[in-house]
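Colleague: I should be grateful for a close examination of one part of this model. Please find the structure below.

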Amino acid sequence: MASTQRPASSGSSEGGYPLMDERKRKRMLSNRESARRSRMRKQKQLEDLTNEVSRLQGENERLDQSIKVKEEAYAEMESGNDILRTQTMELADRLRFLNSILEIAEEVSGFSVEIPQIPDSLLKPWQIPHPNHPIMASPDMFLPSNQGLFA
């Protein structure tokens with residue numbers, strides 16, 4: 001039985017072989033077309049991934065720039081805070097000095113002078129004055145400026 005069927009690769013055109021050659025030719029064409037479509041899909045996928053890489057690189061650059069701007073603003077704010085802390089301490093020292101002058105004047109003159117007390121918030125500016133009081137949000141705080149608290 002095996003001797004009656006021959007593979008189409010013999011190249012013979014006798015009997016049923018032209019039909020086998022035609023099938024082989026169609027299969028080769030189909031395979032070529034399938035390979036072409038596969039290459040096109042891979043090319044499209046490569047282009048899509050290349051575009052995605054470019055988009056993500058652009059987004060990374062934008063985020064890096066945004067981070068740099070925020071870091072600069074933070075450093076500027078910290079510098080401003082340091083200046084304000086120093087000024088607060090200088091003013092508290094001045095106030096203590098002036099209070100001591102008033103105390104001396106009171107002792108020397110015998111007159112009663114009202115000497116103001118220095119608030120703790122001036123003496124210790126790094127401490128929150130009222131840590132037990134929560135900050136409450138009002139319903140109007142997110143309204144546009146033409147509405148809200150003064151409406």
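The request and the reply that follow concern helix H1 and its surroundings.

Colleague: Would you describe helix H1, residues 17-109, in detail? In particular, which of its residues are buried, which salt bridges lie along it, and how far apart are its end C-alpha atoms?

Modeller: The model is a predicted one, and I begin with its confidence. The protein chain has an average pLDDT of 79, and 68% of the residues reach at least 70. Two segments stay under 50: residues 6-13, for which the model has eight contacts beyond four places in sequence, and residues 147-151, for which it has four such contacts. Where pLDDT is low, the predicted coordinates should not be read in detail.

The protein chain contains two helices and zero strands. Helix H1 comprises 93 residues, from 17 to 109. At 1.5 Å a residue it should span 138 Å, and the distance between its end C-alpha atoms is 134 Å, which agrees with that expectation. Just after H1 comes Gly 110, with a positive phi of about 80 degrees.

As to burial, 4% of the 151 residues in the protein chain are buried. Within H1 the buried residues are Tyr 17, Ala 92 and Asn 99. The accessible surface of the protein chain is about 13900 Å², and carbon and sulfur atoms account for 58% of this area. Of the contacts in the protein chain between residues at least 6 apart in sequence, 33% join residues at least 24 apart.

Asn 99 merits separate attention. This residue belongs to helix H1, and its relative accessibility is 7%; because buried means under 20%, Asn 99 counts as buried. Its contacts, once neighbours within four places in sequence are left aside, are with Ile 115, Pro 116 and Ile 118.

Phe 97, also placed in helix H1, presents the opposite case. Its relative accessibility is 52%, and since the cut-off for exposed is over 50%, Phe 97 counts as exposed. Together with Leu 98 and Ile 101, Phe 97 makes a nonpolar surface patch of about 300 Å².

I turn next to charged side chains. Side chains of opposite charge can pair when their charged atoms come close. The count of salt bridges comes to eight, and I describe some of them here.

Glu 22 and Arg 25 form a salt bridge through their side chains, with an N to O distance of 2.6 Å. Both residues lie in helix H1, three residues apart, which is about one turn of the helix. Glu 22 has a relative accessible area of 30% and is partly exposed; Arg 25, at 42% relative accessibility, also counts as partly exposed.

The spacing of such partners follows from helix geometry. An α-helix has 3.6 residues a turn, so residues three or four places apart point the same way.

A further salt bridge joins Glu 33 to Arg 37, whose closest N and O atoms are 3.8 Å apart. The cut-off for a salt bridge is 4 Å, so this pair qualifies. Glu 33 and Arg 37 are both in helix H1 and stand four residues apart, about one turn of the helix. Both are partly exposed: Glu 33 has 30% relative accessibility, and Arg 37 has 40%.

Asp 82 and Arg 85 supply another salt bridge, at 2.9 Å from N to O. These two residues of helix H1 are three residues apart, again about one turn of the helix. Arg 85 counts as partly exposed at 38% relative accessibility, and Asp 82 is partly exposed with a relative accessible area of 40%. Elsewhere, salt bridges that share partners join Glu 33, Arg 36 and Arg 37 into one network.

In summary, helix H1 has end C-alpha atoms 134 Å apart, in agreement with the expected span. Its buried residues are Tyr 17, Ala 92 and Asn 99, while Phe 97 is exposed. The salt bridges described along it include Glu 22 with Arg 25, Glu 33 with Arg 37 and Arg 85 with Asp 82.

Notes. Residues are numbered from 1 along each chain as its sequence is written. Side-chain values use heavy atoms; hydrogens and water are left out. The expected span of a helix is 1.5 Å times one less than its number of residues. Buried means under 20% relative accessible area, exposed over 50%, partly exposed in between (1.4 Å probe, protein chains only). Contact means heavy atoms within 4.5 Å. Accessible areas come from the Shrake-Rupley method with a 1.4 Å probe; for residues, only the protein chains shown count as cover. Patches are made of residues with over 30% relative accessible area and no salt bridge: like charges are joined within 9 Å, nonpolar side chains (Val, Leu, Ile, Met, Phe, Trp, Tyr) within 5 Å. pLDDT is the predictor's confidence in each residue, from 0 to 100.
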